[in-house]
Structure formats: structure tokens, C-alpha cells
Amino acid sequence: MEAKSVGPHADDALLADFEARIADGETIEPKDWMPERYRWQLVRMMSQHAHSEVVGMLPEGNWITRAPNLRRKVGLLAKVQDEAGHGLYIYCGTETLGVSREALLDQLLAGKAKYSSIFNYPTLAWSDIGAIGWLVDGAAIVNQTMLAKASYGPYARAMVRICKEENFHKKQGYEIMCILAEGTPEQKAMAQDSLDRWWWPSLMMFGPSDKDSPNSAELTRWGVKRKSNDELRQRFVNITVAQAHAIGLEIPDPDLRHDPESGDWIFGEIDWDEFYRVIGGDGPCNRERLAARRAAHDEGAWVRAAAEAYAEKQAARYRSENAA
Ligand code: 3HC
């Protein structure tokens with residue numbers, strides 16, 4: 001879907017008014033005038049976000065039946081169910097921009113849509129569930145706390161609710177890592193191995209570096225992004241390094257060092273070849289994730305048909321009961 005550019009003159013006054021509203025910190029609502037490019041950027045970003053929530057259920061869902069006890073099973077069930085709700089919430093947001101969730105799901109199932117690369121990595125051990133909650137949801141919280149101040153009302157409001165649930169997700173993940181890190185040497189080694197495998201892909205969740213981000217300038221100009229990819233990544237690193245050290249785990253980065261002047265943890269170079277390889281479709285689990293998503297969609301066809309039949313029956317009954 002290509003965005004029509006803003007008309008050379010017709011919309012100049014409208015664009016100026018729109019940008020003045022953004023500069024004044026106003027929220028843009030669905031019925032307000034907006035540049036087509038603003039709409040296009042929001043649909044692009046929000047659909048990637050919604051798809052990420054839905055695909056993100058897959059790596060964790062694999063471990064629901066293998067959770068070590070009932071408490072962990074219930075916590076993971078609740079988290080995975082939350083992610084489904086987050087996806088639906090954000091698809092509702094894209095519908096306010098005139099794009100149906102069916103159209104977006106078709107793009108995902110056709111392999112034409114992006115979702116966060118982090119979900120193309122395998123969950124090899126129970127400690128990965130702890131690492132995902134701690135690192136992946138922790139990164140999402142840093143990002144989404146910023147997006148809760150985005151200029152587009154429906155998206156910002158969705159983030160407020162989603163961040164509350166993400167905080168539970170992060171807490172249950174970090175608790176898993178704490179218990180393993182304080183457990184037997186084998187359990188601590190399992191936790192460290194998960195941190196080793198999930199650390200760098202988590203940093204990639206914030207997108208390419210600012211100099212290589214084709215979308216950030218426009219998203220920042222129009223108040224969707226309030227901080228840059230690199231700023232958010234640095235904030236996440238600063239928070240998370242301290243949490244790792246607090247439970248005796250080491251960050252898998254030999255170049256990591258603390259800068260007393262800025263207070264930042266300076267980290268090593270991200271493997272951008274890996275980043276672009278995975279978002280290009282050649283990650284460890286890209287094909288598996290898409291196949292699982294397609295299978296779930298096909299197996300769920302009867303549920304959609306039943307819901308539509310019930311809705312039609314209800315509508316027909318309402319029409320007959322209210323016929324003039
Ligand atoms: N995985 C996949 N694609 C990525 C990516 C990643 N980690 N990081 C960037 N990209 C893509 C972008 O989508 C963009 O693709 P496009 O131009 O072809 O559409 C391209 O790489 C260039 O990146 P930009 O930085 O220019 O793109 P954005 O300005 O859109 O910034 C983003 C990327 C920071 C991911 C931003 O889109 C964003 O904040 N999205 C909403 C939040 C989100 O998606 N969070 C991650 C997943 S949600 C989650 O983690 C679920 C939780 O419950 C665990």
C-alpha cells in the first residue's frame with residue numbers, strides 16, 4: 001500500500017495546521033484531517049506491532065504444557081493470552097485508520113508483513129521463557145512507554161493499557177531468572193545461556209541505528225516517536241545491565257563498560273548483518289513461525305464461521321423483533 005504524498009498546494013494550509021497541532025502537543029483523532037503519509041506511517045508501524053504481538057505468542061506457547069509447576073503454567077497462560085489481546089487491540093487501532101484487520105492478516109499470512117525479528121529465535125529451554133519476559137517485554141515496555149505519548153490518540157491509549165500488562169510479563173520473567181540464578185549451578189548456567197542467546201536480539205528490537213532508520217525522522221517530526229531508536233536502546237541497556245548483575249548473571253558483551261560521566265553502559269557493536277538477515281526472512285525460525293501462523297488460521301476457520309453465523313442470526317432476530 002503506497003502512501004499518496006501530500007498535495008503540493010491544496011493541503012499546504014491543512015498540513016501547516018496539522019503540524020501546529022502536533023507542535024502544541026495535541027492528539028490527532030481518527031476523524032481529524034491528517035496527511036496520507038502520516039496515516040501510512042501509522043498503519044505500517046502499528047501493523048508491524050500487532051503482528052509482533054500475535055506471532056510472539058508462538059515461541060512462548062510452546063512451553064505452556066512444559067512449565068515446571070502450576071504457578072509458572074498459569075503465569076505463562078495469562079501472558080500469552082494477554083499478547084493475543086494486545087494484537088487485537090492494535091489491529092483495532094489500525095481499523096481507525098481505514099485498514100481492516102483481515103487485510104493486515106492476509107499480508108502476514110502471505111509472508112508480506114513484518115513482525116519483530118526477536119520472535120524468529122527458538123525457545124530451547126524453560127529459562128528462555130524467563131529471558132523473554134525479562135528482556136523482550138522489558139524492551140517492549142521501554143518502547144511502548146514512549147509510544148503512550150504518541151500523537152495518534154488510539155495508538156497512544158492502547159499503549160497505556162498494554163504497558164500495564166507488559167509490566168506483569170516482565171516481572172514474571174525476571175522472577176524466573178532470579179530463581180534459576182539462585183538455584184543449582186546447572187540452573188544458573190541455564191539462565192546464563194538464555195541471557196547469552198536473547199541479549200543481542202533484544203537490542204535489535206529497537207530497530208536500526210538512528211543513522212540507518214528511514215522512518216524515524218518523519219515519525220519524530222509528527223510526534224509518533226518521541227525518542228530515537230538509539231536513545232531507547234541505551235535506556236534499556238542501562239536498566240537491564242544492573243538487573244543482570246543483581247542476580248549474578250553476565251551480559252554477553254566483552255566490550256561492555258560503564259561510563260561514569262554519562263552513567264551509561266557503553267555496549268559493543270550490534271551484528272547488523274544478522275539483524276537484516278532475520279528481518280529479511282532468513283532467521284532460525286522464520287519459516288516455522290509463518291507455517292504455525294498459517295496452520296492456526298486454517299484450523300480456526302470454523303470458529304470464525306461459527307461466530308459470523310451466530311452474529312448473523314442475532315442480527316436477523318433483532319431485525320424481526322424491531323421491524324416497524
Ligand atoms: N524486527 C523487525 N523489523 C524491524 C525491527 C525489528 N526488530 N526493527 C526495525 N524493523 C523494520 C521497521 O519495521 C522498518 O521496516 P519498513 O520500513 O520496511 O516498514 C525498517 O526495519 C526500518 O526501521 P525503522 O527504525 O526506520 O522503522 P520504525 O521507525 O518503524 O522503527 C520500531 C522500528 C522501533 C520497531 C518501531 O516500528 C516501533 O516502535 N514499533 C512498535 C513497537 C514494536 O513493534 N515493538 C516490538 C514488538 S512488540 C512486542 O515485543 C510484544 C511484547 O508483548 C513482547
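This is a short dialogue on reading the domain interface in a predicted model.

Colleague: Where do the domains of this chain lie?
Modeller: Domain 1 covers 8–282, and domain 2 covers 285–324. Their centres, taken over C-alpha atoms, are 29 Å apart.

Colleague: How many residues of each domain are in contact with the other?
Modeller: On the side of domain 1, 17 residues take part. They meet 9 residues of domain 2.

Colleague: What is often given as the size of an interface?
Modeller: The accessible area lost when the parts come together is often used. Here, domain 1 and domain 2 bury about 1,200 Å² between them. Carbon and sulfur atoms account for 56% of that area.

Colleague: Which three residues supply most to the area that domain 1 buries against domain 2?
Modeller: Look at Leu58, Leu109 and Asn120. Together they supply 44% of the area on the domain 1 side, more than any other three residues.

Colleague: Now the polar side. How many salt bridges does the rule find across the interface?
Modeller: The rule finds 1 salt bridge between domain 1 and domain 2. Inspect the side chains of Asp282 and Arg287: they meet in a salt bridge, at 3.9 Å from N to O. For polar contacts, the count between the domains is 5 residue pairs, with both residues at pLDDT 80 or more.

Colleague: Which elements give two or more residues to the side of domain 1 that touches domain 2?
Modeller: Three helices do: H2 (36–55), H3 (57–61) and H5 (101–109).

Colleague: How do the residues on that side of domain 1 divide by type?
Modeller: The side of domain 1 that touches domain 2 has 12 nonpolar residues, 4 polar and 1 charged.

Conventions
Residues are numbered from 1 along each chain as its sequence is written. This is a predicted model: local features need pLDDT of at least 70, side-chain atom pairs count only at pLDDT 80 or more; totals for chains, interfaces and linings use all residues. Side-chain values use heavy atoms; hydrogens and water are left out. Domain bounds come from an automatic or database domain assignment. Contact means heavy atoms within 4.5 Å. Buried area is the accessible area (1.4 Å probe) that two parts lose on being put together, summed over both. A salt bridge is a side-chain nitrogen of Lys or Arg within 4 Å of a carboxyl oxygen of Asp or Glu. A polar contact is a pair of N or O atoms within 3.5 Å; within protein, one must be able to donate a hydrogen and the other to accept it, and residues adjacent in sequence count only if both atoms are side-chain atoms. Helices (H or I, at least four residues) and strands (E, at least two) are DSSP runs, numbered from the N terminus. Ala, Val, Leu, Ile, Met, Phe, Trp, Tyr, Cys and Pro count as nonpolar, Asp, Glu, Lys and Arg as charged, and the others, Gly among them, as polar.
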